[in-house]
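Student: Could we go through this structure together? I would like to start with its charged side chains.

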Amino acid sequence: MKIYQKVIVYIESQLLSGALQPYDLLPSVRHLAQVLNVSKNSIIRAYMVLEQTGTIQAHPRKGFSVKPDTVYEQAPKPIPKKVILGATSLDIIGPAQRQADVIFGSANPDTRFKGRQDFFKQLNRLVRAELKSPAIYSHYQAPPGDINLRQQIAKKTHCGYAELDAEEIVITNGAQEAISLALRCIAQPGDIIAVESPCFYGILQCAEALGLRVIEVPANIPDGIDLKQLAETLNRWPVNAILLNPHANNPLGFIMPDDNKSELLALAQRYDLAIIEDDVFGELIHSTQRRRTLKSMDTDGRVILCGSLSKILDPDIRIGWVAPGRYFDQVNYLKYVTTLATSGLMQHAAALWMESANFNRHVKQLQNRYRQRKLLFIESLKAYFPAEAHITVPESGFLSWITLPFWLDGDIIFTRAKAEGISLTPGSLFGTEQQFQHCIRLNFSTFDNTEKQQQALARLAEIIIEELNSQT
Ligand SMILES: Cc1ncc(COP(=O)(O)O)c(C=O)c1O
């Protein structure tokens, strides 16, 4: 698309959203050129095309206005869509992560904490015991899984005040398996689930693999999913479940306020829907206060809570859980017929690690560290990145979402950065269409402000500036 065509798309989006109405004066050529950071010629050419197509009219010495009879429908409401991402994220994330010198890409936590070493010491002790006295763990640890681990999860994470019994929890291979089991239990191919938009691509791809349709309901900072649009969506479409990531949301970093959670639960009750709560970042709140999960407010077992040790310990050990509420039997059975078991050795090691007195201290340490890193990281981004880049300051977690001018392509920035050994996640993965093509997501979990990281950020900023300049 040429620059002037992108300007046309911009004006049309303003008309669609109602920001520009019939008779409204359009911005002056000079002003819009500045705002969009494009040349005045591109604006003039766009205005001329819009004039020829009868959308706007010229007024000598006054500029242009929207023609009185220009009727644009309001922005389309969210509708169900099939997800067609293919293996894009696997292509993009896998090799790019492994080859990168400086990693701002996939949502890996910092794995240099002492707590993680403690876990591996624990594992080492178990392995040595196994070598001395073989076959202790060589049986399938059938679902729902190791009772000690389930007790620890119920006790130590408190599932965000949900006060669950260990018996209500099923161990899974990470939160991803928990989400997949929950979706399979609730929805059949062709069914519709409502998700936040932008949405973690792992969820979109899971929906794709299961043949589900998704309705992407806009989510905003600081409130999370737009409840008004969600209510309209539920009124209009036969939605089977709502899937949310309400704490330290990936990618926006918001924490859904408790009042909104209550409203959401009331909506789910009204339409008798299941809620899948992806709480994978739930412990990583940058304050002393763990937030209440939707599960903790649920009075009739409709919330399926999914969590894991991936973000607080190590994604590689693949220990997650699901508290399926009224869907327990189906989820437990599906876990059994899908992956049969989760490694008994890992479950045992995780249980011992969580039991040790250091668990709470470890989580506190992570919260503090990520809070400090956020400040450092955002400061550096602000120092290097051009004013056109809108930097999201996450409330919690370790991800930052950057919105660039709409005509920039995050995939190109991703590819150029990758060629220079810098990984990041392109925004295109977070939606079913191209609505986040101009965004990128950066991970600051390991950001220590080293010279190498500073240079990488400076270079990334240069790439963005070069792309901005090349488009004007
Ligand atoms: C929002 C969200 N949900 C789920 C997952 C998957 O987590 P796990 O590693 O526990 O499978 C991720 C991983 O990045 C995530 O960001």
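Tutor: Certainly; please bear in mind that this is a predicted model. Arg-128 is placed in helix 5, which covers residues 114–132.

Student: Which residues gather with Arg-128 in a surface patch, and what is the charge of that patch?

Tutor: Arg-128 gathers with Lys-121, Arg-125 and Lys-132, and the surface patch is one of positive charge.

Student: And salt bridges, how many are there?

Tutor: The count comes to 20. In one of them, the side chains of Arg-112 and Asp-448 meet at 3.1 Å, N to O. This pair links distant parts of the chain, 336 residues apart: Arg-112 lies in the loop between strand 4 and helix 5, and Asp-448 in the loop between strand 17 and helix 16.

Student: Is Arg-112 buried or exposed?

Tutor: Arg-112 counts as exposed because its relative accessibility is 52%. Asp-448, at 35%, is partly exposed.

Student: What about the pair Glu-283 and Arg-290?

Tutor: Their side chains form a salt bridge of 3.3 Å, N to O. Glu-283 is buried, with a relative accessible area of 14%, and Arg-290 is buried, also with 14%.

Student: Which residues do salt bridges with shared partners join into one network?

Tutor: One bridge to begin with is that between Glu-466 and Arg-459, at 3.2 Å, N to O. Salt bridges with shared partners join Arg-416, Glu-420, Arg-459, Glu-462, Glu-466 and Glu-467 into one network.

Student: Changing topic: where is Gln-437?

Tutor: Gln-437 is in the loop between strands 16 and 17. Gln-437 counts as buried because its relative accessibility is 16%, under the 20% limit.

Note on methods. Residues are numbered from 1 along each chain as its sequence is written. This is a predicted model: local features need pLDDT of at least 70, side-chain atom pairs count only at pLDDT 80 or more; totals for chains, interfaces and linings use all residues. Side-chain values use heavy atoms; hydrogens and water are left out. Patches are made of residues with over 30% relative accessible area and no salt bridge: like charges are joined within 9 Å, nonpolar side chains (Val, Leu, Ile, Met, Phe, Trp, Tyr) within 5 Å. Accessible areas come from the Shrake-Rupley method with a 1.4 Å probe; for residues, only the protein chains shown count as cover. A salt bridge is a side-chain nitrogen of Lys or Arg within 4 Å of a carboxyl oxygen of Asp or Glu. Lys and Arg count as positive and Asp and Glu as negative; His and the chain ends are not counted. The place of a charge is taken as NZ of Lys, CZ of Arg, CG of Asp or CD of Glu. Helices (H or I, at least four residues) and strands (E, at least two) are DSSP runs, numbered from the N terminus. Buried means under 20% relative accessible area, exposed over 50%, partly exposed in between (1.4 Å probe, protein chains only).
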